[in-house]
Amino acid sequence: MSPIATSLPPRPPASFHLFAYAAPQRFYPLAGRIALASALVAALLAVAGLVIGLGIAPTDAQQGEAYRIIFVHVPAAWMSMVIYLAMAFWAGIGLAFNARLASMFARALAPTGALMAFLALWTGALWGKPTWGTFWVWDARLTSELLLLFLYIGFLSLHSAIDDVRRADRAAAVLALVGVVNVPVIYFSVQWWNTLHQGASVSLSKAPSMATPMITGMLVMVGAFWLYATAVTLLRLRTLILAREGDAAWARRLREAA
Amino acid sequence: MNWSSWSEFAAMGGYGLYVWGAFGMSAFAVALEIAQLRARRRALRAGDGAGART
Amino acid sequence: MNAIALPLPRPAETGALRGLRCVVARDLRLALRRPADTLSVLFFLVIVVSLFPLGIGPEPELLRRMAPGVVWVAALLASMLSLARMFADDLQDGTLESLLLSATPLPLLVLGKALAHWLASGLPLALVSPLLAMQFGLAPDAMGLLAVSLLLGTPVLSLVGAIGAALTVGVRGAGVLLSLLVLPLVVPVLIFGAGAVDAGSAGTSVAAHFSLLAALLVLALAGAPPAAAAALRIAFE
């Protein structure tokens, strides 16, 4: 990567100001470095996790080999929720401090979060079929996951419907914050609804009583998903920065150099 | 290792369709995201304003 | 034309409440002058509720069990229809900018708009729905429970809907987008509202459901007007 000649004043070498990275063009190279490191570690963890999960962890007594789906289902579900919190947080920062990089990061997080929610639903359905007999079970967690996917889609739809990008950032931020307050309410109400309506309490969240290799494999996969999400969202952020700051001299130089 | 042969690994005790359906879709999703990012990047570099908007 | 003289302030009224009263009175007067708006919402409700038996079959027991959920979902959808108009008309004739510049706190004005919206659409829905429930053979006390649950729940729809309407004011395709944004947020209201009627029909206590509905209403009253006010300011920067 060629060094970027920025138009910002040179930084005194010995000082470290965190807020300096609120400038998109300063954060751009740092984001690239973090993304690269995260991607490498994510790949290593993924290989390790798959080896542990598919190769070493024993067969489950009740669910057979089907339980191995948790090695992608649980990380995807957790990431979908973590990313929503992060998205709401950064959107809030962008709204409160008028910090456009924070808003850009929220916008960069949304598609990955939505994809994680979709994966959680898909893998959940595939887990449900051999275990409970149907592809879709109105389990409290899966239903909440579905509503979370709707919230992500709402965020992205609102953002793309508004022409002015900064107004879109702020409006979507309000929506994300209202959503984050709502998510516990939604989860609680869906859990209530589920226990009332189901005779036999079906719960896909009951993972088999976990042997150590299972837990280890799952945690390693969670780490892999987390770092993968970090890498992908930072790369998407870089693309967003280039798109929005496209008229600036430094961005044009980057594009020509590439 | 749990498996004595590759075909056992692929069969996953009869649940192969579900397990590989899940892992396969995850891999596909990852590949799709990376491909979409690459395409976005290329459009930005080429178009100089063509791919620009959020 | 929407040129309506604002009502004159009464002598000992504080400024904030005066603003609230003016907004509510104006919106109600507008709604009364255009009864088609309210009536079309009601007819939509009737049509949607009638579609379900046509799609599912006339078996009485099944319909009786489905009635609370069906009526509640239809009420949700009907409310969504009228929400888009909450701020859109005001945007077009300049009233919205006046509201933003007014001395009355904007959240209070939003509360007034939501109240007027509820009076013109949510309240009629809640009152009409028990009659619709008769089509499904719902027992009389269950009909009463349905009406009460809707009376508690539709204000929440108006309040949360105000946030959505404020976020999408002036945006392309606002109507559908509004529903997309608001419906996931009001799922708890649907769950507790329809659940209350089910619990009542089954003979179990409905106190918990109604307490939760009331709690959601309080939460919406406290949180929705400021959020919608923030969204309106964002729309006007």
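This is a short tour of a predicted model with chains A, B and C, one selection at a time.

Before you start clicking, note that residues count from 1 along each chain as its sequence is written, while chains are lettered from A and ligands numbered from 1 in the order of writing. Because the model is predicted, local features need pLDDT of at least 70 and side-chain atom pairs count only at pLDDT 80 or more, whereas totals for chains, interfaces and linings use all residues.

**Stop 1: chain A**

Select chain A and colour it by secondary structure. You will find seven helices and zero strands, where helices (H or I, at least four residues) and strands (E, at least two) are DSSP runs numbered from the N terminus. Read from the N terminus, the order is α-α-α-α-α-α-α. Of the chain's 258 residues, 49% are buried; a residue is buried if 20 or more other C-beta atoms lie within 10 Å of its own, exposed if 12 or fewer, and partly exposed in between, with C-beta atoms placed from the backbone. Among contacts in chain A with a separation of 6 or more, 79% link residues 24 or more positions apart. Two residues are in contact if their C-beta atoms, placed from the backbone, lie within 7 Å.

Now zoom to Asn98(A), in the loop between helix H2 (70–97) and helix H3 (100–132) of chain A. Asn98(A) is not a glycine, yet has a positive phi of about 55°. Asn98(A) counts as exposed because 12 other C-beta atoms lie within 10 Å.

**Stop 2: chain B against chain A**

Add chain B, which has two helices and zero strands. Of its 54 residues, 15% are buried. Where chains A and B meet, 26 residues come from chain B and 34 residues from chain A. The chain B side of this contact has 13 nonpolar, seven polar and six charged residues. For these classes, Ala, Val, Leu, Ile, Met, Phe, Trp, Tyr, Cys and Pro are nonpolar, Asp, Glu, Lys and Arg are charged, and the others, Gly among them, are polar. Of the two pairs of chains in contact, A and B share the most contacts.

**Stop 3: chain C against chain A**

Bring in chain C. Chains B and C do not touch, and their nearest C-alpha atoms are 17 Å apart. Chain C does meet chain A, with 21 residues of chain C in contact with 22 residues of chain A. On the chain C side, the elements giving two or more residues are helices H7 (140–167), H8 (174–185), H9 (187–202) and H10 (207–235). That side has 17 nonpolar, two polar and two charged residues.

For a close-up, show helix H4 (residues 140–161) of chain A with H8(C). Their axes come within 9 Å and cross at roughly 150°; axes are lines fitted to C-alpha atoms, for helices over the stretch in contact, and angles run from 0 to 180 degrees between N-to-C directions. The angle makes H4(A) roughly antiparallel to H8(C). Angles over 145 degrees count as roughly antiparallel, under 35 as roughly parallel, 65 to 115 as roughly perpendicular and the rest as oblique. Show sticks for Leu147(A), Phe150(A), Leu151(A), Gly154(A), Ser157(A), Leu158(A) and Ala161(A) of H4(A), which meet Leu177(C), Leu180(C), Leu181(C) and Pro184(C) of H8(C). By class, this contact has nine nonpolar, two polar and no charged residues.

**Stop 4: inside chain C**

Next, display H7(C) and H10(C), whose axes come within 7 Å and cross at roughly 20°. H7(C) is therefore roughly parallel to H10(C). Their contact has 22 nonpolar, two polar and no charged residues.

Swap H10(C) for helix H3 (residues 60–83) of chain C: the axes of H3(C) and H7(C) come within 10 Å and cross at roughly 35°. Here the contact has nine nonpolar, four polar and no charged residues.

**Stop 5: the core and a last loop**

Select Ala166(C) and Ala231(C), the residues with the most contacts inside the largest nonpolar core, which has 179 residues. A nonpolar core is a set of buried Ala, Val, Leu, Ile, Met, Phe, Trp, Tyr and Cys residues joined through C-beta atoms within 7 Å. Beyond its neighbours within four places in sequence, Ala231(C) is in contact with Ala171(A), Val174(A), Ile163(C), Ala166(C) and Leu167(C).

Finish at Ala103(C), in the loop between helix H5 (95–101) and helix H6 (106–135) of chain C. Ala103(C) counts as exposed because it has 8 C-beta neighbours inside 10 Å. Draw a distance to Leu20(C): the C-alpha atoms of Ala103(C) and Leu20(C) are separated by 11 Å, with the residues 83 apart along the chain.
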